[in-house]
Amino acid sequence: RPSAPPSLLALARLLQFYDGISDAEVVARCRFDLRWKVALELDLATIGAPFAKSTFQAFRARLTLHAKEGLAFEKSVLAAKEAGLLPRHLLVALDSSPLRGRGAVKDTFNLLSDAIVAVVRAVAAHKEEDVADVARAAGLTRHVESPSIKGSEVVNWEDAAEVSRFLGGLLDDSRRAVDAAEKAKCGSPEVDLLRKVIAQDIETEPQNGGPCIRDGVAPDRVVSVHDPEMRHGHKSNGKVYNGHKAHVAVETEHGIITAVDVTAPAGADGSQVASLIQQTRDLTQCEVD
């Protein structure tokens, strides 16, 4: 695969964030959008891709793995200081806003099925086997073959006993998935997530009848297997979102962002004040008044 300059990939990443587009669209704009070509200093007369989508994805993954995803932000703050835009004593304003997650949010039945699939995939990766083969051996084929276990099964959702039997079948599948992971001695994080989904959403031993959906919403409830850190959040009374909460510190004179952080939505804004101020001091080497 032809190499690409890191500076080109980094700038394309910033443009991607600015426009809010997919990885495939990044490559397309590098080929056909004159504005992107000018910004990236590409040949305006060619429509050849300057890099492959997989190269771009691998670059972003390496930034995250080496904790360098904030490098462009840190460099921009230092550039502002070198340009004389930051006084020695700063006055900063703090604010937070909802940060909506991209993980698929599903109901309990599909959430449980997704958690089972995550365990199966972990076992398959550890054993270097095909996911379908591992699922077949564990009796979990129906979870990997359908995008929605709830949509692929015929269940009378008005009949509590039938729903309980369906839920009991999912719990049996969960035990088989855990047994497969323990036998292969792998998948501990995925197994822990599966157990957490069961504990937060399902009453496994009710006083009467079989398993049922637990009443109420569990504290710190996981809403997505694909992004386990996502949580329910409230932007205001009546406005609910799923994701995270972004926190920023902004120097008030020139509007330069000096610190950023991300927390769960339920975290109080006041708990981040010390962290944002300390991050501002560390990055700018200025006092915060």
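## A buried acid in helix 6

In this predicted model, D114 sits in helix 6, the element that covers residues 108-127. With a relative accessible area of 13%, D114 counts as buried, because the limit for that class is under 20%. Once its neighbours within four places in sequence are left aside, the contacts of D114 are K106, V225 and H226.

## The chain as a whole

The protein chain holds 12 helices and eight strands. Its C-alpha trace extends over about 70 × 50 × 35 Å along the principal axes, and its radius of gyration is 24 Å, whereas a compact globule of 289 residues would have a value near 19 Å. Of the contacts with a separation of 6 or more, 60% join residues that are 24 or more positions apart.

Buried residues account for 37% of the 289 residues in the protein chain. The accessible surface amounts to about 17100 Å², and carbon and sulfur atoms contribute 53% of that area. As for charge, the chain carries 35 positive and 41 negative charges, and the mean positions of these two sets lie 3 Å apart.

## T258 in strand 7

Strand 7, made up of residues 256-263, contains T258. The relative accessible area of T258 is 0%, so this residue is classed as buried. The side chain of T258 forms a polar contact, at 2.9 Å, with the side chain of T280.

When neighbours within four places in sequence are left aside, the residues in contact with T258 include F73, V77 and V92. The list for T258 also has A249, V250 and E251, and it is completed by Q279, T280, L283 and T284. T280 therefore appears both in this contact list and as the partner in the polar contact of a residue that is buried at 0% relative accessible area.

## V248 in strand 6

V248 belongs to strand 6, which spans residues 239-251. Its relative accessibility of 25% makes V248 partly exposed, because that class lies between the buried limit of 20% and the exposed limit of 50%. Residues up to four places away in sequence aside, V248 touches A93, L94 and D95, together with A259, V260 and L276. Between V248 and I277, which are 29 residues apart in sequence, the C-alpha to C-alpha distance is 9.9 Å.

## Exposed loop positions

A266 is placed in the loop between strand 7 and helix 12, the latter covering 273-284. A266 is classed as exposed, with a relative accessibility of 74%. The C-alpha atoms of A266 and A67 are 25 Å apart in space, for a separation of 199 residues in sequence.

Two further loop residues stand out by their backbone angles. Most residues other than glycine have a negative phi. E41, however, which is not a glycine, has a positive phi of about 55°; this residue lies in the loop between helix 3 (34-40) and helix 4 (53-65), and its relative accessibility of 74% makes E41 exposed. K185, likewise a residue other than glycine, has a positive phi near 55°. The loop that holds K185 runs between helix 10 (160-184) and helix 11 (188-201), and K185 counts as exposed because its relative accessible area is 75%, with the limit for that class set at over 50%.

Note on methods. Residues are numbered from 1 along each chain as its sequence is written. This is a predicted model: local features need pLDDT of at least 70, side-chain atom pairs count only at pLDDT 80 or more; totals for chains, interfaces and linings use all residues. Side-chain values use heavy atoms; hydrogens and water are left out. Helices (H or I, at least four residues) and strands (E, at least two) are DSSP runs, numbered from the N terminus. The radius of gyration is taken over C-alpha atoms; the globule rule is 2.2 Å times the number of residues to the power 0.38. Buried means under 20% relative accessible area, exposed over 50%, partly exposed in between (1.4 Å probe, protein chains only). Contact means heavy atoms within 4.5 Å. Accessible areas come from the Shrake-Rupley method with a 1.4 Å probe; for residues, only the protein chains shown count as cover. Lys and Arg count as positive and Asp and Glu as negative; His and the chain ends are not counted. The place of a charge is taken as NZ of Lys, CZ of Arg, CG of Asp or CD of Glu. A polar contact is a pair of N or O atoms within 3.5 Å; within protein, one must be able to donate a hydrogen and the other to accept it, and residues adjacent in sequence count only if both atoms are side-chain atoms.
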